[in-house]
Amino acid sequence: MSETTQTFHKLGRLRTRPEFLFVANRNGRSKYAAHPTLIVQMRKHATRETGINCGFTATKKIGNAVVRNRAKRRLRECARSYLSHLGQDGHDYVFIARQTTATCDWQTLCDQTQKALLRLK
RNA sequence: UCAGAGGGUCGGGUGGCCGCGAGGUGCAAACUUCGAGGAAAGUCCGGGCUCCAUUGAAGCAGGAUGCCGGAUAACGUCCGGCGAGGUGGAUGUGAAAAUCUACCUUAGGGAAAGUGCCACAGAGAGUAGACCGCCUUGGUUUCAAGGUAAGGGUGAAAGGGUGUGGUAAGAGCGCACCGCUGGUUUGGCAACAAAGCAGGCAAGGUAAACCCCAUCCGGAGCAAGACCAAAUAGGGAUGGCAUUUGGCGGGCUUUAACGUCGCCAUCCGGGUAGGUCGCUAAAGACGACGGGCAACCGCCGCCUUAGAUGAAUGGUCACCGCUCAGUAAUGAGUACAGAACCCGGCUUAUAGACCCUCUGAUAUA
RNA sequence: CGGGGUGUAGCUCAGUAUGGUCAGAGUUCUCGCCUUGGAAGUGAGAUGUCAGAGGUUCAAACCCUCUUGCCCCGA
């Protein structure tokens, strides 16, 4: 545990629209894994070699502001739990919420996050 | 006790583990305090605040409001009253009308300032009108001329209503009551109400049709705006002189004042990415007392209560509440919904719980 | 956050300036005729809570108010 905390003091965040589009670009070297409760996109960062950045997205289609906020919070909690030891160094991740993200069982959301991260590794 | 209507209040709690944002202390590690709503929503109104150089005066255009009085910073909001309409009850009656009372609703100025519209049907739809009917005269079989708005029929609406006199038949043609209009008196701050007088039936509906009248409104909005500042383009800022004429500068016009377009001197910055401020203590919340029918106001005490910017305020587990189902064990559900400059309202969404008032049913006394 | 537009047959749209006869056109669909059969043509028919609710009016797709869906624009 101490090694992981040494390597990743804090997860960086994707903030601007170009960063999200860079990770989502299918023509480049991005990968993605889709599950019923969430979608994870990953791409190696252009210049930086170490550190992990992540971003969270919830579209208007999945519900009103309360549902979208809840979905993003749950995704953020999943990322905090698993990304530090399952994520690859020097890559960026984007978590996309689906309609079941806010309402589904917490354990299934954790399982599917783990599966998605392992598949992308 | 149950059901319904109206109004008001609240709208889960405790703990463990792991986290987030802001403030404070600290060199740091860390510790500590605080951290969504009644609608934060829709953006439908009204303000504060900021900029538009100045936002002065008059008018036009445009928009909004619209019974009266009050509250308020202001409002299209709120409170009280008036008129109108509806429902229930009582009096009243053969039945009604009418009167009184309780509750609810109400965008409710002006239709004798003017214009427009009133389809279809109907004889006639707004300076009335003769289809049937009724009456008179002529002819006397059909019918023709005239009078007539009582009756029929059409229509959402047929040009006061009921009764009586009158008449060839009728008609406000006369009269009584009701309605209407005008002015008077009384009550009321007023809207308006009541009383009695006069007129003599003219004046249909529609202004959420144009319009008229009264009152109010400059525009844009925190992505306003101010400051620090990579890049890029071009000059920019300050001071002095001149400011006669002219041009430009509010949605438009006129007018008043002003700014700028000119010359000279001095100085060096400029402001996009990014960052900082604006940014939360305010028409503030709570409680007592006093004034007021009330909205609300005054005074005193006490408290400080989010401030993010791809956007914190959480995730998860356990227990307890509450509701429903079930004898029980137990199971299911626990709403609507997330601040983005800040206030006052309106509208819309909302599981469930509690309180007050009224109505009905049942039970008991 | 602020500003604007729009919703009518399964689809694409008229009709709303001035409320009434009027809810209509093209396309689609159904059934005939034509053809050996199909397409095209031709004749007849079907299809609507005028986005929802309330109000004004004798009368509302149209006027007024509120709600809702979709689309566009500004930095």
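A search of the whole structure, which is a predicted model, finds 1 salt bridge. That salt bridge joins Arg-80 to Glu-77, and both of these residues belong to helix H3. Chain A, with 121 residues of which 40% count as buried, contains 4 helices and 5 strands. The points below take up the salt bridge, the positive surface patch, the overall layout, a polar contact and several pairs of residues.

**The salt bridge in helix H3**

- In the pair formed by Arg-80 and Glu-77, the closest N and O atoms are 2.3 Å apart, a separation that lies within the 4 Å allowed between a side-chain nitrogen of Lys or Arg and a carboxyl oxygen of Asp or Glu, so the pair counts as a salt bridge.
- Side chains of opposite charge can pair when their charged atoms come close.
- The two partners, Arg-80 and Glu-77, are 3 residues apart in helix H3, which corresponds to about one turn of the helix.
- Arg-80 counts as exposed because its relative accessibility is 54%, and the cut-off for that class is over 50%.
- Glu-77, for its part, has a relative accessibility of 33% and therefore counts as partly exposed.

**The positive surface patch**

- Five arginines are named in a positive surface patch, namely Arg-13, Arg-15, Arg-70, Arg-73 and Arg-76.
- Helix H3, which covers residues 65–86, supplies the largest share of this positive patch, with 3 residues.
- Arg-70, one of the residues of the patch, is located in helix H3, and its relative accessibility of 44% means that Arg-70 counts as partly exposed.
- Patch residues need over 30% relative accessible area and no salt bridge, and the value of 44% for Arg-70 satisfies the first of these conditions.

**Layout of the chain and its secondary structure**

- Read along the sequence, the elements of chain A follow the pattern α-β-α-β-β-β-α-β-α.
- Helix H2 spans residues 17–24 and includes Val-23, while strand S4 spans residues 53–57 and includes Thr-57 as well as Asn-53.
- Strand S5 (91–97) and helix H4 (106–120) are linked by a loop, and Thr-101 has its place in that loop.

**A polar contact of a buried loop residue**

- Although Thr-101 sits in the loop between strand S5 and helix H4, its relative accessibility is 0%, so Thr-101 counts as buried.
- A polar atom of the side chain of Thr-101 lies 2.5 Å from the backbone oxygen of Thr-37.

**Residues of strand S4**

- Thr-57, in strand S4, has a relative accessible area of 26% and is therefore partly exposed.
- From Thr-57 to Val-94 the distance is 7.5 Å, C-alpha to C-alpha, with their positions 37 residues apart in sequence.
- Asn-53, also in strand S4, has a relative accessibility of 17%, and because buried means under 20%, Asn-53 falls into the buried class.
- Asn-53 and Thr-16 are likewise 37 residues apart in sequence, and their C-alpha atoms are 12 Å apart in space.

**Residues of helices H2 and H3**

- Val-23, in helix H2, counts as buried because its relative accessibility is 0%.
- The C-alpha atoms of Val-23 and Cys-104 are 26 Å apart in space, and the two residues are 81 residues apart in sequence.
- Ala-65 is found in helix H3, and with a relative accessible area of 43% Ala-65 is partly exposed.
- A separation of 28 Å lies between the C-alpha atoms of Ala-65 and Lys-115, two residues that are 50 residues apart along the chain.

Methods. Residues numbered from 1 in each chain as written. Chains lettered and ligands numbered in written order. Predicted model: local features only at pLDDT ≥ 70, side-chain atom pairs only at ≥ 80, totals over all residues. Heavy atoms only, no water. Patch = residues over 30% accessible without salt bridge, like charges linked within 9 Å, V, L, I, M, F, W, Y side chains within 5 Å. Areas by Shrake-Rupley, 256 points an atom, 1.4 Å probe, with all protein chains shown as cover. Lys, Arg positive; Asp, Glu negative; His and termini not counted. Charge placed at Lys NZ, Arg CZ, Asp CG, Glu CD. Helix = DSSP H or I, 4+ residues; strand = E, 2+ residues; numbered from the N terminus. Buried < 20%, exposed > 50% of the residue type's maximum accessible area, 1.4 Å probe, protein only. Polar contact = N/O pair within 3.5 Å; in protein donor to acceptor, adjacent residues only side chain to side chain.
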